[in-house]
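Here are my notes on the model you sent round. Have the structure open while you go through them.

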Amino acid sequence: MADRVMPRHRALAALSAGIGLTLLLTSCGSGISGHGDDKTIVGLVTKTNDNPFYVKMREGAQKKARQLGVDLRTFAGKGQADNDSQVKAIENLVAAGAKGILITPADSGAIIPAIERARKAGVMVVALDSPTEPASAVDATFATDNRLAGRMIGKWAKARMHGKRPKVALLDLSSEQVKVDVLRDQGFLEGFGIDVRNPNRIGDERDSRIVGHEVTGANEEGGRDAMEKLLQKNGSINLVYTINEPTAAGAYQAVKAAGKQKDITIVSVDGGCPGVKNVAGGVIGATSMQFPVKMAAEGLAAVAAHAKDGGKDSGSSAQGFTNTGVSLITDTPVSGLDSQKSDWGLRHCWG
């Protein structure tokens, strides 16, 4: 559209704008070096640029972009809940004439107005990893079925805790009821057999087996601090759910410092190589592996196909949700639940 076309120097200036926005420009051929101005511009907007999951997703998108001859421009926020930076990234990409945007939403609801503006401008928007709310706000979603990922580790934990009186600690992402946070937490509880009451909300359960929820920021330090708080609250904890594997690693530090590593089972979601090594080392009992490279590659291919078809109006969701897979990784399999051992996990992990 004419009102989205900008001179080259102004487009680059717009891409560099935005306080607090981390911008990574990737030339994927030579789209911003002066030799590939006719290439389709596609943006990848992740929550952070240092989390191994998003690093691997970016690498997968860069590889696919080179194969497809796409000019990929990558942005990242400052943290897991940095919605403002993602809004600025979308605005910059629309101004630069992007045909498509891939985004891992930091806030599944707050990002919607920016997505709506982009789609009205003819940009195809695809969610990766975390669904938007509502899911129909984007043209397609390529992600792990996070509720299923939670259910898998919940079912595994239930089987492993057979004959014991469970005391469960849950280490979540934040207090903001972020979609991916809710799906994994509630999926775990459902798999374990606990009534979640409202499946779309963390923390309203009334089950004496739950010691408590703590937020972690989905990082190692947060996991350690949250675990210390919950152990102070109840020293009989014997099962810990964690939002991701860095959180699990931090939780284990607190568990070990308390001398309870033989008494407490930790479960998680991710499938990163450090996390799978922690499964092999007995730090994590089981984790649900997801596949960020597949998310990025399939999402980018969908956007490239959209652009090839002439970038038709992006007014309604066409492809819906595509589950990019999840595998349970554990060295102590349980009957009736498909799983892979850590040696398989190490051959398929990321990061």
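The points below go from the whole chain to a few local features.

1. Ground rules. This is a predicted model, so local features need pLDDT of at least 70 and side-chain atom pairs count only at pLDDT 80 or more, while totals for chains, interfaces and linings use all residues. Residues are numbered from 1 along each chain as its sequence is written, and side-chain values use heavy atoms, with hydrogens and water left out.

2. The chain overall. I get 11 helices and 13 strands, taken as DSSP runs numbered from the N terminus (helices H or I, at least four residues; strands E, at least two). Of the 351 residues, 55% are buried, where buried means under 20% relative accessible area with a 1.4 Å probe, protein chains only. The chain exposes about 14400 Å², with carbon and sulfur atoms supplying 47% of it; areas come from the Shrake-Rupley method with a 1.4 Å probe.

3. Contacts. Taking contact as heavy atoms within 4.5 Å, 72% of the contacts between residues at least 6 apart in sequence join residues at least 24 apart.

4. The disulfide. The count is 1 disulfide, defined as a pair of cysteine sulfur atoms within 2.5 Å. The partners are Cys-273 and Cys-349, with their sulfur atoms 2.0 Å apart. Cys-273 sits in helix H9 (residues 273-280) and Cys-349 in the segment after helix H11 (342-348), so the bond ties together parts that are 76 residues apart in sequence. The S-S torsion is about 90°, which makes this disulfide right-handed. Cys-273 is buried at 17% relative accessibility, and Cys-349 is buried at 16%.

5. Helix H6. Of the 14 residues of H6, 13 are buried, so the helix is largely enclosed by the rest of the structure. The end C-alpha atoms of H6 (residues 179-192) are 20 Å apart, in agreement with the expected 20 Å, which is 1.5 Å times one less than the number of residues. Right after H6 comes Gly-193, with a positive phi near 95°.

6. The second largest pocket. A pocket here is an open set of points on a 1 Å grid over the protein atoms alone, with protein on both sides within 12 Å along at least five of seven lines; lining residues have an atom within 4 Å of a point. This one holds about 330 Å³ of space, the volume being that filled by probe spheres set on the points. It is lined by 20 residues, and the closest to its centre are Trp-156, Arg-160, Thr-265, Gly-282 and Gly-285. Helix H5 (146-160), helix H8 (245-257), strand S10 (265-270) and H9 each give at least two residues to the lining.

Conventions:
Buried means under 20% relative accessible area, exposed over 50%, partly exposed in between (1.4 Å probe, protein chains only). On a 1 Å grid over the protein atoms alone, a cavity is a set of points where a 1.4 Å probe fits but cannot get out, and a pocket is an open set with protein on both sides within 12 Å along at least five of seven lines; lining residues have an atom within 4 Å of a point.
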